[in-house]
Amino acid sequence: MEGFGTLTDVVNNSFRQAAEDSGMLLGQELVIDEADRIATNRQTYFCDMDDVCFVAEVTASGDYAGKFHVVFGLRDAICMSGFLLGIPTARINEKRRLAIMENDDVDAFSEIVNQVVGSFNSVFQPSFGNKVHLKVVPPKKFIPESTELTETEPVPDGEYLLFRGRMELSGMEMGNLDILIPMDLALLFDPPAEEPEPPVEETVAEAVDAPDDAEGVEVGAEAVGEAEQEPAAAAGAPRPVDENCRRVLILEDDESDRQRIRELLEEKGYEPVEAGLDADIREIFSQGGVRLVVLGIHNGDDRDMAVCIKIKAIAQGDTLPIIMCAREWTRSAVLKAVKYGARDIIVKPYQSDEVVAKVAKFLKAA
């Protein structure tokens, strides 16, 4: 998986710092290996789990606001809390074998989690210009095939970047320390690098020479050629699409804008489906039939544009056209939009003829 090099370095440094600080707290040498980085989603992550774990929610405040989660296995929690409480190794192994965790163990483990997140803070803050602060709440237990998955528990539904580091503690058999960072927060921490802006003449020439089916983006009479897209995260496949379907998904926070586009498309015989940017996009796609997305964003920042990554992940490589709409477009913003997966752009306020023409063009080509 490409990208996120900066965030990966920060997480690995956090792992090393957490291992050093927690090892001193436990009186044992703790090692956390460098992280494997995996794109996943809530359903896949927890459905593949076969043992009890603890999930701690970490709130990031400041310029990098959001929430991510730290996950420890139950037996690792028993082991670490046992060392903190001074329990003999033989008794720790017995409690791990029987999966026994008493109230004192829970309290001790909460202190360990506080220590780990404190270590993360000491790395994250200087790495991001002291514009972020991490705060953890006590961990909750997740039991596979018993704990119910809801929209928010044990973590909110959605796409995640998983950082997984193997732990080693005083010759004990240990599991993984997992960090689940929502994709939009990961992009906030580590946005894709902007491509250098090519000369206007060169960009237009490339667009003119591109094949008819190239994924170009037009800005007035000019065109921006296809840019390399970020790989999409694995996700559940939507239902097959009927070629005769004319369903268009409108993702827009402004209710009046949504209504305007819906009415325009209904007049032309399309089947609009509308929702806000924070809607459950996976659920909408699971109902089937979406052939094009009109995506209205706020300021063209990475958090807004990250919705494209989620759509591409759910579409699983299908050539699903996305028309991205904003009030202002610079050439740099257009190039970034293409990189995130947009096939075309529209400048707000929406113009009836332009919206209908672009929707018709892509549905005809689909």
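Q: Over how many bridges do strand 14 and strand 15 pair in the parallel sense?
A: This is a predicted model, where local features need pLDDT of at least 70, side-chain atom pairs count only at pLDDT 80 or more, and totals for chains, interfaces and linings use all residues. Residues are numbered from 1 along each chain as its sequence is written, and side-chain values use heavy atoms, with hydrogens and water left out. Strands (E, at least two residues) and helices (H or I, at least four) are DSSP runs numbered from the N terminus, and two strands pair if DSSP finds at least two bridges between them. For strand 14 (residues 322–326) and strand 15, the number of bridges is four.

Q: Which residue in strand 15 is the bridge partner of I323?
A: Strands of a sheet pair through backbone hydrogen bonds, either parallel or antiparallel. Here, I323 has its bridge partner in strand 15, and that residue is D344.

Q: Which are the edge strands of the open sheet of five strands?
A: The sheet has parallel pairing and the order 12-11-13-14-15. An edge strand pairs on one side only, and that description fits strand 12 (271–275) and strand 15 (344–347).

Q: Why are the buried residues of helix 4 on the same side?
A: In helix 4 (residues 89–98), the buried residues (under 20% relative accessible area, 1.4 Å probe, protein chains only) are I92, K95 and R96. They lie on the same side of helix 4 because, taking directions from the helix axis to the C-beta atoms, they cover an arc of only 100 degrees.

Q: Which residues are exposed on the other side of helix 4?
A: Exposed means over 50% relative accessible area, with partly exposed in between. On that other side, the exposed residues are A90 and R97.
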